[in-house]
Amino acid sequence: MEAHSGMLPSEVRDKRLFPDISEEWFRRKVKAVFELRIRAFVTWEQRPYLFKFRNFRPITGTEPFMYQNISFSALVSASGEVEHVCMMVYDMTDAATAKKQLLALQVQQNEMQHTNRLSN
């Protein structure tokens, strides 16, 4: 987190970490993790990112920010209560870029096929 955000832990402690995300959405997302002790997930297709980190591949990267998959897991205390949630962030930028390129090629191919049908 420190490497991607450029911020020290002391700078983010007790601060809102993702201002672009509604608190209501986040609370709903982690509620089941706390209450049912199940994992919850967010994929880059649902929401491109939770933390708006810059793409750290300035030469080979074509995206302005990191696409992310997020997993939320319950952290159970010694007393058996869920007191915290672990959030794992996976960089999915390469996969997102490849999928976006594939979709663009498919659109281009469909347009060429449509143009060819019209000219015949």
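In this predicted model, F65 is buried, with a relative accessible area of 16%. Y49 is likewise buried, at a relative accessible area of 15%, and both values fall under the 20% that marks a buried residue.

Aromatic contacts were examined next, and the count comes to five aromatic pairs. In one of these, the ring centres of Y49 and F65 are 4.9 Å apart and the ring planes stand at 70 degrees, so the pair is edge-to-face. Y49 and F65 are each placed in the loop between β1 and β2 (68-76), so that their pairing ties together parts lying 16 residues apart in sequence. A further pair is formed by F51 and F53, whose ring centres are 5.6 Å apart and whose planes are at 10 degrees, so this pair is stacked. F51 counts as buried at 6% relative accessibility, and F53 counts as buried at 7%. Through ring pairs, W44, Y49, F65 and Y67 are linked into a cluster.

An arginine also meets an aromatic ring: R47 lies over the face of W25, at 4.1 Å from the ring centre.

The backbone at another arginine, R37, deserves separate mention. Most residues other than glycine have a negative phi, whereas R37, although not a glycine, has a positive phi of about 60 degrees. R37 is found in the loop between α3 (23-36) and β1 (40-42), and with a relative accessibility of 45% R37 counts as partly exposed.

Key. Residues are numbered from 1 along each chain as its sequence is written. This is a predicted model: local features need pLDDT of at least 70, side-chain atom pairs count only at pLDDT 80 or more; totals for chains, interfaces and linings use all residues. Side-chain values use heavy atoms; hydrogens and water are left out. Helices (H or I, at least four residues) and strands (E, at least two) are DSSP runs, numbered from the N terminus. Buried means under 20% relative accessible area, exposed over 50%, partly exposed in between (1.4 Å probe, protein chains only). Rings of Phe, Tyr and Trp (its six-membered ring) pair if their centres lie within 6.5 Å; planes under 30 degrees apart count as stacked, over 60 as edge-to-face and the rest as tilted. A charge sits over a ring if NZ of Lys or CZ of Arg is within 6 Å of the ring centre and within 35 degrees of the ring normal.
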